[in-house]
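Student: I have a model open on my screen and would like to talk it through. Could you help me read it?

Tutor: Gladly! Let's look at it together.

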Amino acid sequence: FAPRRLSSAARRFLRRPSRRTFCEKKAPKEAEAQPKPSPDNTANVSGVRWANWKSVAAMGVAGAAVVLYYNYEKERVLSETKITVTGKPALGGPYSLIDAVTGERVNSSDYHGQYTLLYFGF
């Protein structure tokens, strides 16, 4: 297995970017006199903070409101579609079915004293 040669465009794309790509442009002499923001400061160049405790709290409140609304709607839909059943289901007792292999009618008395498994194909 020999690796294929890459085109010059592919080599440029895969090449590690130079530091100049990520560095800021050099500022004029007047701007260099201004103090630079510390690296631990979350302010961007314009001085506006993108994340603070108020925005984190607002996002938390908004997330909690979405969860509460979802739970409310889920309960409402489930309560509208709830079906109440009264009485007992008719389970057990004698039965009469048709054997799939032979096509003959079989009754529960044919299997009296034996283990029986009924499978309806659901």
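Student: Which residue forms a salt bridge with Glu 80, and how far apart are the closest N and O atoms?

Tutor: Keep in mind that this is a predicted model. A salt bridge here needs a side-chain nitrogen of Lys or Arg within 4 Å of a carboxyl oxygen of Asp or Glu. Glu 80 has such a partner in Arg 76, with the closest N and O atoms 3.0 Å apart.

Student: Why are Arg 76 and Glu 80 separated by about one helical turn?

Tutor: Both sit in helix H4. They are about one turn apart because their spacing in that helix is four residues.

Student: Which residues do the shared salt bridges join into one network?

Tutor: Arg 76 also pairs with Glu 73, where the closest N and O atoms are 2.7 Å apart. These two lie three residues apart in helix H4, residues 53–80. With partners shared, the network consists of Glu 73, Arg 76 and Glu 80.

Student: Is Glu 80 buried or exposed?

Tutor: The cut-off for exposed is over 50% relative accessible area. Glu 80 has 57%, so the residue counts as exposed.

Student: And which residues make the nonpolar surface patch of about 380 Å²?

Tutor: One of its members is Leu 14, in helix H1 (residues 8–14). Leu 14 is exposed, with a relative accessible area of 59%. The full patch is made by Leu 6, Phe 13 and Leu 14.

Student: What share of the 122 residues in the protein chain is buried?

Tutor: The chain has four helices and two strands, and it exposes about 13000 Å². Buried means under 20% relative accessible area. By that cut-off, the buried share is 1%.

Technical notes:
Residues are numbered from 1 along each chain as its sequence is written. This is a predicted model: local features need pLDDT of at least 70, side-chain atom pairs count only at pLDDT 80 or more; totals for chains, interfaces and linings use all residues. Side-chain values use heavy atoms; hydrogens and water are left out. Patches are made of residues with over 30% relative accessible area and no salt bridge: like charges are joined within 9 Å, nonpolar side chains (Val, Leu, Ile, Met, Phe, Trp, Tyr) within 5 Å. Accessible areas come from the Shrake-Rupley method with a 1.4 Å probe; for residues, only the protein chains shown count as cover. Buried means under 20% relative accessible area, exposed over 50%, partly exposed in between (1.4 Å probe, protein chains only).
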